[in-house]
Amino acid sequence: MQKLFVILLILAGLNSFAQDDRPFELWNKNQVEIEPWDKISITVAEKIHYSPKRSTLDLKYGEILIGHQVLNWLEYGAGFRLSSANLQIGEWLQENRPMLFVNMGHDFGKFEFDFYNRFEYRTYKVLNNYFRYRQSLRMKFPAITDWGMQFYLQEESFLKLNGYDTHLARFYSGLTAFEKEHIEIKIYYALQRQEVLNHWLSADILGLNLSFEI
């Protein structure tokens, strides 16, 4: 029954995407994680956002994260992201983003819950710099195959720390299609809500994440 419920949620999200004329993007993220010392990990990742309608990249970034798994349920660390957004006028807007994060996780029976927290300082050459807080809660359902196929639901929101409220939120329904000791493949649908000039705009996203551990 749980599996059927999650499948219906994913299909409902895809159906709403298909029937609406909202902007649509394809996202792809690839990352490699190494553990050079006990409980210390280094993750290097790159990600792109692609618009099929315009046949252009909307965003591309690379980042590096260093984390310390201090407890089984607690990890903290820091990172840096270099990002470029396509302004659609032949120019790219570059952003530098130092980050601090604290992630927590706990299992309740066969369900897994993860709570992610990240503080960011977004810096630009032509825009005002500002601090932002990102939080995300993910619930993973019990695995349904020996190779780790597992449905999950996730929400994330971003809060500007300069007097503004939440300005960006996403709601995910996804599937860990394959998970073994050194590789993980995820596919997902996300509904994005973003505030632009006091108006909330929606967008649909289909994504693929590939993760490798060395």
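Okay, let's start with one residue: Arg-138 touches Glu-112, Phe-113, Asp-114, Tyr-116, Tyr-152, Leu-153, Gln-154 and Lys-186, leaving aside residues up to four places away in sequence. A contact here means heavy atoms within 4.5 Å.

Before I go on, a word on where this comes from. This is a predicted model, where local features need pLDDT of at least 70, side-chain atom pairs count only at pLDDT 80 or more, and totals for chains, interfaces and linings use all residues. Residues are numbered from 1 along each chain as its sequence is written, and side-chain values use heavy atoms, with hydrogens and water left out.

Back to Arg-138. You'll find Arg-138 in strand β7, residues 130–140. Helices (H or I, at least four residues) and strands (E, at least two) are DSSP runs, numbered from the N terminus. Is Arg-138 buried or exposed? Arg-138 counts as buried because its relative accessibility is 10%; buried means under 20% relative accessible area, exposed over 50%, and partly exposed in between, with a 1.4 Å probe and protein chains only. One of those partners, Phe-113, sits 25 residues away along the chain, yet the two C-alpha atoms are separated by 5.7 Å.

Now zoom out. The protein chain has one helix and 11 strands, and in sequence order the pattern reads α-β-β-β-β-β-β-β-β-β-β-β. Of its 214 residues, 38% count as buried. If you take contacts between residues at least 6 apart in sequence, 43% of them join residues at least 24 apart.

On to the outside. The chain exposes about 12800 Å², and carbon and sulfur atoms supply 61% of that. Accessible areas come from the Shrake-Rupley method with a 1.4 Å probe, and for residues only the protein chains shown count as cover.

Which residues make up the nonpolar patch on the surface? They're Val-44, Ile-64, Ile-66, Phe-80 and Leu-82, with about 420 Å² of accessible area together. A patch takes residues with over 30% relative accessible area and no salt bridge; like charges are joined within 9 Å, and nonpolar side chains (Val, Leu, Ile, Met, Phe, Trp, Tyr) within 5 Å. A salt bridge is a side-chain nitrogen of Lys or Arg within 4 Å of a carboxyl oxygen of Asp or Glu. Strands β3 (56–71) and β4 (74–86) each supply at least two residues of this patch. Val-44 belongs to strand β2, residues 40–51, and counts as partly exposed because its relative accessibility is 46%.
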